[in-house]
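Please open the model in your viewer and keep the sequence panel beside it. The tour below moves from one selection to the next and says what is to be found at each stop.

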Amino acid sequence: MSTADRLALAYARFINFSASVRQLTSSSALDAAEERMLQCLAAAWSMDHPLTVLQVMALPHGLSQSTAHRRLTQLRKKGFVSLKTDERDARVRYVEATDKSQRYFSQLDRKSTRLNSSHTD
């Protein structure tokens, strides 16, 4: 197989993977901004970094602070995140994953694993 054919095949696999992920996430009722924010949160959570609401506003999600705050509020209303008040300072609230967000990421993981295995055969 030529280099051009391998690149074309890799690109086609990427397009199929992207379409599959969009199908999975389209049923979750998240808009693109909420998905980006949730992805940034997941990256921080995966490294065991507790995040305050103010820190979430500063994440590299590409949203203005007011938009980020609205999207965070929507994620909370949709059950993807919860807020926990700091025990020592009631002004500080931490953004935490919920069972729903963990199920969402588990679905993405299963889907990507299945897609990866089907494309490496």
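Begin by selecting helix 4 together with its surroundings: the buried residues of this helix pack against helix 2, helix 3 (53-57), strand 2 and strand 3. Bear in mind from the outset that this is a predicted model.

Now restrict the selection to residues 65-77, which make up helix 4, and colour Thr67, Ala68, Leu72 and Leu75, which are buried. Turn the view until you look down the axis of helix 4, where its buried residues fall within an arc of 135 degrees and therefore line one face of the helix. The general background is that an α-helix has 3.6 residues a turn, so residues three or four places apart point the same way. If you then turn the helix side-on, you can check its length: at 1.5 Å a residue, its 13 residues should span 18 Å, and the end C-alpha atoms are indeed 18 Å apart, which agrees. Just after helix 4, select glycine 79, which takes a positive phi of about 90 degrees.

Next, go to helix 2 (residues 32-46) and pick out glutamate 34, which lies in it. Is this glutamate 34 buried or exposed? Because its relative accessibility is 2%, glutamate 34 counts as buried, the cut-off for that label being under 20%. To see what surrounds the residue, display Ala29, Arg71, Gln74, Leu75 and Lys78, which glutamate 34 touches when residues up to four places away in sequence are left out. Leu75 also appeared at the previous stop, as one of the buried residues of helix 4.

From here, move on to the strands, taking strand 3 (residues 93-97) as the point of reference. Strand 2 (residues 81-85) pairs with strand 3 in the antiparallel sense over five bridges, and if you select threonine 85 you will find that its bridge partner in strand 3 is arginine 93. Strand 1 (residues 51-52) also runs antiparallel to strand 3, to which two bridges join it; here, select leucine 51, which stands opposite valine 95.

Finally, show the whole chain, which contains five helices and three strands and follows the pattern α-α-β-α-α-β-β-α when read along the sequence. Of its 121 residues, 32% count as buried, and if you switch on the surface, the chain exposes about 8000 Å², of which carbon and sulfur atoms supply 53%. Among contacts in the chain with a separation of 6 or more, residues 24 or more positions apart account for 54%.

Conventions. Residues numbered from 1 in each chain as written. Predicted model: local features only at pLDDT ≥ 70, side-chain atom pairs only at ≥ 80, totals over all residues. Heavy atoms only, no water. Pairing = 2+ DSSP bridges. Helix = DSSP H or I, 4+ residues; strand = E, 2+ residues; numbered from the N terminus. Buried < 20%, exposed > 50% of the residue type's maximum accessible area, 1.4 Å probe, protein only. Contact = heavy atoms within 4.5 Å. Areas by Shrake-Rupley, 256 points an atom, 1.4 Å probe, with all protein chains shown as cover. Expected span 1.5 Å × (residues − 1). Arc of directions from axis to C-beta.
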